[in-house]
Amino acid sequence: MMIRIYNAKILTPDGIIDGGELWIENGKIKFVSQVSPLILLPWDREINANGNLLMPSFKNAHAHSPMVFLRSYADDTTLDEWLFKQVFPREAKLTPDDCYYLTKLAILEYLSSGISVASDMYFHLESIADACVDCGFRNVILEGITESNKSGLYDKLQWGINNLDGKGGLIEYRLGLHAEYTNSEECIKMLAGFAKENKMPVYTHLCETAKEAKECVQRHGKSAGEYLSDLGLFDYGGVVYHFVHPTDKDIKSLKERGVSVVTCPASNLKLASGIAPLKRYLDEGFNVAIGTDGAASNNALDMFREMYLATGLQKGTLGDPTVLSGESVLDMATTNGAKAMGLDGFEGLKVGENADMILIDLHQPNMQPLNNIVKNVVFAGSKSNVLMTIVAGKILYEKGEYFVGEDVDRIYSKCQQIADRILER
């Protein structure tokens, strides 16, 4: 597919091009410039951006997409009660077909929020992958290994590598440990061994709550980051989600192994888990990205809200309005997220990179005046400003319409039926 977008403000790695033009061909960016060459090509679509902002899409570096069925249901409770009494028992009732349609519902929300790729830790991964491929959406998927699903671990992981990685040109497969507290040391060592054999990074929830961090020390005499590092889990790098309550040894161990941090500020606030020390992570040289977490704990899959909270909470808790600039937070939501997920070809809107991008409506009151467009996006932007979301060179969302291969109302109806069945209504 060949698309020409012209008369745009284009956010590139080198700054904003005013009145710029960008060409897309076969899912890649073919041309970016302020001056349009006098070449007539067989465009499938020519789009006048009307002076609006064309920028990289958001990368949701931590999600549980099928958990949309619990949106606004398992609320106002502690993490332990939420997870073990509300979530786990109901997730056990999910079928592969359920996860397929629930993922589609999440994709609709991602697209309207300007997100072109998510990283899902869940189960029924083949169904999640199929939903993404059928919609044209990207995903980096990983099964969250726990003590209860470790049976046939090596075969399960090898199957994921053989059958999911590269599926439809949109799916990548990674190794995931749900958490230290849901696994025995034996299981963690098995996963670490597989990771070493295949030279792969491992992704896991870590130090999400003070209780979790404290109990790990009681069990093992070490904090969770140090403990998992010593078991060899991150010998080929990886990603830790949340990382709200680190120790100095955690930070040292993970930094030495090149581990990325993914923060989920809205989820952490809603569950009263705390506020991750993002400024320190950035000062220490960590790659820091942003995730929404699942709709059961958030409850919105909205990167604009996550960006605002990420910077606002650091400024407020540190008493320093200069920390975590709008530019830094936008990097966390875009290029840093791609790096955390191990994705290549997402270094910004430049020739040769993947054609994942969004068009932001600057002709709305919250975007005026145009004193600083990037800061407008981070501090004033909202989903209502997303005019278009392009994934792998295809327009999947435009001005309230979705182009995902299935009627939106049918997706809504199927997901309501799933929620009603599982919640026994």
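Me: What volume does the largest pocket have?
Reply: Happy to start there, keeping in mind that this is a predicted model. The largest pocket is lined by 26 residues, and those closest to its centre are Leu83, Phe88, Glu91, Thr146 and His178. Its volume is about 500 Å³.

Me: Which element supplies the largest share of the lining of the largest pocket?
Reply: Three elements each give at least two residues to this lining: helix H1 (79–91), strand E7 (115–122) and strand E8 (138–145). The largest share is six residues, and the element that supplies it is H1.

Me: How many residues of each class are in the lining of the largest pocket?
Reply: Good thing to ask next. The lining holds residues of the nonpolar, polar and charged classes. In that order, the counts are eleven, ten and five.

Me: Is strand E12 mostly covered or mostly open?
Reply: Let's look at residues 238–242, which form E12. Five of its five residues are buried, which means under 20% relative accessible area. The strand is therefore mostly covered.

Me: Which residue in E12 is the bridge partner of Thr204?
Reply: Strand E11 (residues 202–206) pairs with E12 in the parallel sense, over five bridges. In E12, the partner of Thr204 is Val240.

Me: Is the crossover from E12 to E13 right-handed or left-handed?
Reply: E12 also pairs with strand E13 (residues 260–263), in the parallel sense and over three bridges. Here Tyr241 stands opposite Val262 of E13. Between these two strands the chain passes through helix H8 (residues 248–256), and this β-α-β crossover is right-handed.

Definitions and conventions. Residues are numbered from 1 along each chain as its sequence is written. This is a predicted model: local features need pLDDT of at least 70, side-chain atom pairs count only at pLDDT 80 or more; totals for chains, interfaces and linings use all residues. Side-chain values use heavy atoms; hydrogens and water are left out. Buried means under 20% relative accessible area, exposed over 50%, partly exposed in between (1.4 Å probe, protein chains only). Helices (H or I, at least four residues) and strands (E, at least two) are DSSP runs, numbered from the N terminus. Two strands pair if DSSP finds at least two bridges between them. A crossover is right-handed if, with the strands pointing away from the viewer, the path from the first strand over the helix to the second runs clockwise. On a 1 Å grid over the protein atoms alone, a cavity is a set of points where a 1.4 Å probe fits but cannot get out, and a pocket is an open set with protein on both sides within 12 Å along at least five of seven lines; lining residues have an atom within 4 Å of a point. Grid points are joined across faces, edges and corners, and a volume is the space filled by probe spheres set on the points. Ala, Val, Leu, Ile, Met, Phe, Trp, Tyr, Cys and Pro count as nonpolar, Asp, Glu, Lys and Arg as charged, and the others, Gly among them, as polar.
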